[in-house]
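Trainee: I would like a close look at one part of this model. Please take me through it in detail.

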Amino acid sequence: MGNDKAKEVWTEFERLSEEDKDSIAKAFIHHFGQIRFSLDELTKMDLKDLEIIKSTISGLILTRECLPDILIEYKTKDNVLPSKISFGIHSERDKD
């Protein structure tokens, strides 16, 4: 099972640009210490750590893929975007 998770992390890592790979590796030093992103090294890691790494990399990929859409959407709205974001009605004042 650890090998499967390591393969998932490796696959996600390979999708990153060289700049993002360097950035991720530097960011993880503070939490995990030096990580060598190779399949052999990843298979030696704890499953919980692999899940954290995979989630972080996936989040970065998602951000990189969706950011252009957000910028385009912002431009098409003539810079008139809501200043408040909420889910549902939180108070009587919010019903307007």
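Mentor: Here is one helix, with its setting in the protein.

This is a predicted model, where local features need pLDDT of at least 70, side-chain atom pairs count only at pLDDT 80 or more, and totals for chains, interfaces and linings use all residues. Numbering starts from 1 along each chain as its sequence is written, and side-chain values use heavy atoms, with hydrogens and water left out.

The protein has four helices and zero strands. Helices (H or I, at least four residues) and strands (E, at least two) are DSSP runs, numbered from the N terminus. Among these elements, α4 has the lowest mean pLDDT, 85, and helix α1 (residues 2-14) the highest, 91. pLDDT is the predictor's confidence in each residue, from 0 to 100.

Helix α4 covers residues 47-76 and holds L67. K54 is also found in helix α4.

Take K54. K54 is buried yet has no salt bridge; E8, the nearest side chain of opposite charge, is 4.1 Å away. Buried means under 20% relative accessible area, exposed over 50%, partly exposed in between (1.4 Å probe, protein chains only). A salt bridge needs a side-chain nitrogen of Lys or Arg within 4 Å of a carboxyl oxygen of Asp or Glu. Lys and Arg count as positive, Asp and Glu as negative; His and the chain ends are not counted. Leaving out residues up to four places away in sequence, K54 touches K5, E8, V9 and E12. Contact means heavy atoms within 4.5 Å.

Now L67. L67 counts as partly exposed because its relative accessibility is 39%.
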